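The following questions and answers examine a predicted model. Each answer closes on the name or value requested.

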Amino acid sequence: MKLEKLLSVLGGNPMYSVIVRDDTVELRARAPSALEAASVEGEGEETRSVVVLLSVGEGGELKPEEAYVEGPSGRTPIPLDEIKWWLEVLDSMA
């Protein structure tokens, strides 16, 4: 997926924050809490973010470098294969 396409697909979505610095892109998304994911109401549930770091290659092509879920209890890695698959899905939908 190219950077321009990512920006056009996610740019207007308030669930995502995209920061571009030279040849690096930081993508942040609010992750649902465990209770939200299970469709259960609860209070005091921790806020989590999905963070994806991408490098920008030739022609604006994006390459996942690191991904994790970040929350009060620390970071949990996300396999880069899952991020590549997600980018392919976004690319095919746009």
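Q: Which elements each supply at least two residues of the lining of the largest pocket?
A: In this predicted model, the residues that line the largest pocket include Tyr16, Leu27, Val50 and Trp85. The elements that each supply at least two residues of this lining are β2, β3 and α3.

Q: Which element gives the largest share of the lining of the largest pocket?
A: Among the lining residues are Glu82, Ile83, Trp85 and Trp86, and α3 spans residues 80-93. The largest share, four residues, therefore comes from the element whose run covers these positions, given that helices are DSSP runs. That element is α3.

Q: What is the volume of the largest pocket?
A: Rolling a probe the size of a water molecule over the atoms shows where empty space is left. For the largest pocket, the computed volume is about 170 Å³.

Q: How many residues does the largest nonpolar core have?
A: Leu6, Val25, Val52, Leu54, Leu62, Ile83 and Leu87 have the most contacts inside the core. At least two core residues come from each of α1 (3-10), β2 (24-31), β3 (48-56), β4 (62-71) and α3 (80-93). The number of residues in this core is 15.

Q: Which residues is leucine 54 in contact with, leaving aside its neighbours within four places in sequence?
A: Leucine 54 belongs to the residues with the most contacts inside the largest nonpolar core. Its partners beyond four places in sequence include the core residues Leu6, Val25, Leu62 and Leu87. The full set is Leu6, Asp23, Thr24, Val25, Leu62, Lys63, Pro64, Glu65 and Leu87.

Q: Within what arc do the buried residues of α1 fall, seen down its axis?
A: The buried residues of α1 are Leu3, Leu6 and Leu10. They line one face of the helix, because seen down the axis of α1 they fall within an arc of 60°. The face turned away from this buried side carries the exposed residues Glu4 and Ser8. The arc asked for is 60°.

Q: Is leucine 3 buried or exposed?
A: Leucine 3 lies in helix α1 and touches Val20, Val25, Val56, Gly60 and Leu62, not counting residues up to four places away in sequence. Its relative accessibility is 11%, and the cut-off for burial is under 20%. Leucine 3 therefore counts as buried.

Q: Is glutamate 26 buried or exposed?
A: Glutamate 26 is found in strand β2, and its side chain is joined to that of arginine 28 by a polar contact of 2.7 Å. Leaving aside neighbours within four places in sequence, its contacts include Ser17, Ile19 and Val52. At 15% relative accessibility, glutamate 26 counts as buried.

Q: What is the relative accessible area of aspartate 22?
A: Aspartate 22 lies in the loop between β1 (16-21) and β2. This residue has a positive phi of about 50° although it is not a glycine. Aspartate 22 is exposed, and its relative accessible area is 78%.

Q: How far apart in space are threonine 47 and proline 72, C-alpha to C-alpha?
A: Threonine 47 sits in the loop between α2 (34-37) and β3 and is exposed, with a relative accessible area of 59%. Leaving aside its neighbours within four places in sequence, threonine 47 is in contact with Glu70, Gly71 and Pro72. Threonine 47 and proline 72 are 25 residues apart in sequence, and their C-alpha to C-alpha separation in space is 7.5 Å.

Key
Residues numbered from 1 in each chain as written. Predicted model: local features only at pLDDT ≥ 70, side-chain atom pairs only at ≥ 80, totals over all residues. Heavy atoms only, no water. Core = buried A, V, L, I, M, F, W, Y, C linked by side-chain atoms within 4.5 Å. Buried < 20%, exposed > 50% of the residue type's maximum accessible area, 1.4 Å probe, protein only. Contact = heavy atoms within 4.5 Å. Arc of directions from axis to C-beta. Polar contact = N/O pair within 3.5 Å; in protein donor to acceptor, adjacent residues only side chain to side chain. 1 Å grid on protein atoms, 1.4 Å probe; cavity = no way out; pocket = protein on both sides within 12 Å on 5 of 7 lines; lining within 4 Å. Points joined across faces, edges and corners; volume = space filled by probe spheres on them.
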